[in-house]
Amino acid sequence: MKADHYDSFAESYAAENDSSLLNAYYERPAMISLAGDVAGRRILDAGCGSGPLSAALSAKGAIVTGVDSSPAMLDLARKRLGAAADLHVADLNGPLPFADGSFDDVVASLVLHYLEDWSAPLAELRRVLKPGGRLILSVNHPAVSVVNYPAEDYFAVRQYSEDYEFDGEPAVLTFWHRPLHAMINAFTAAGYRVATVSEPEPSPDTPAELLPPRILSGERTAFLCFIFFVLEAG
């Protein structure tokens with residue numbers, strides 16, 4: 001996707017993100033839980049979008065800076081976070097406008113799976129982290145590809161596109177699938193230690209009408225959609 005791809009459906013995506021099962025009651029609560037006590041910590045929200053995760057971390061006392069490649073998304077983030085919010089247009093494929101060791105943590109919520117090459121982005125995020133700082137991230141779970149695309153090669157790093165509807169508006173998103181071992185290899189090659197791998201349940205606050213029937217019936221406790229990592233910078 002082009003860096004500003006989200007500009008064409010920023011408002012509808014943001015509306016969906018604020019209330020959907022996958023974002024509001026699954027992915028975002030999991031990221032907040034993995035971050036833990038963030039009071040006083042300087043956090044970079046890499047790919048902040050319209051700012052819901054930034055807002056949640058700020059409410060817990062974090063000092064949050066956001067970057068995103070979509071100017072339209074950042075306009076929505078400013079409306080959410082206030083005119084004084086520390087927000088920057090930046091592409092994770094290039095250098096970030098921050099000094100070495102500027103942040104205690106980086107959160108990258110559903111962003112890396114848009115990138116073919118992870119080596120340069122992971123190295124740049126490590127550069128702006130303090131030694132021992134954390135990169136907390138979520139991406140599409142690679143095992144879902146086995147179900148959705150059984151004819152494709154799970155072990156290949158490959159591009160694919162999917163049709164979505166955000167708040168009633170159609171959109172097409174293009175991702176890069178990579179197998180789990182390729183993710184882990186990219187992390188360690190960039191100088192991170194894998195501290196946590198998480199496949200969480202939905203938030204206990206999830207409205208019943210949003211939950212899949214198999215979870216409502218008690219047959220299952222969770223579902224596969226995203227996978228979460230906490231990485232420590234060496």
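Partly exposed here means a relative accessible area between the under 20% of buried residues and the over 50% of exposed ones. By that yardstick E232, at 28%, is partly exposed, and so is R193, at 46%. This is a predicted model, and in it the side chains of R193 and E232 meet in a salt bridge, with 2.6 Å from N to O. The pair links distant parts of the chain, with R193 in strand β8 and E232 in strand β9, 39 residues apart.

That bridge is one of nine in the structure. Another joins the side chains of D100 and R127, again at 2.6 Å, N to O. D100 sits in the loop between β3 and β4 while R127 belongs to helix α5, so this pair ties together parts 27 residues apart in sequence. D100 counts as exposed, at 58%, whereas R127 is partly exposed, at 26%.

The bridge between D105 and R134 (2.8 Å, N to O) connects strand β4 to strand β5, so it ties together parts 29 residues apart in sequence. Both of these residues are buried, and together with R41 they make up a network of salt bridges.

Helix α5 itself, residues 119-128, has P121, L122, E124, L125 and V128 buried. Seen down the helix axis, these residues fall within an arc of 160°, so they line one face of α5. Their cover includes strands β1, β4, β5 and β8 along with helix α7.

As for cysteines, the structure holds zero disulfides. C48 is buried at 7% relative accessible area, and C225 is buried as well, at 16%.

Key:
Residues are numbered from 1 along each chain as its sequence is written. This is a predicted model: local features need pLDDT of at least 70, side-chain atom pairs count only at pLDDT 80 or more; totals for chains, interfaces and linings use all residues. Side-chain values use heavy atoms; hydrogens and water are left out. A disulfide is a pair of cysteine sulfur atoms within 2.5 Å. Buried means under 20% relative accessible area, exposed over 50%, partly exposed in between (1.4 Å probe, protein chains only). Helices (H or I, at least four residues) and strands (E, at least two) are DSSP runs, numbered from the N terminus. The arc is that of the directions from the helix axis to the C-beta atoms. Contact means heavy atoms within 4.5 Å. A salt bridge is a side-chain nitrogen of Lys or Arg within 4 Å of a carboxyl oxygen of Asp or Glu.
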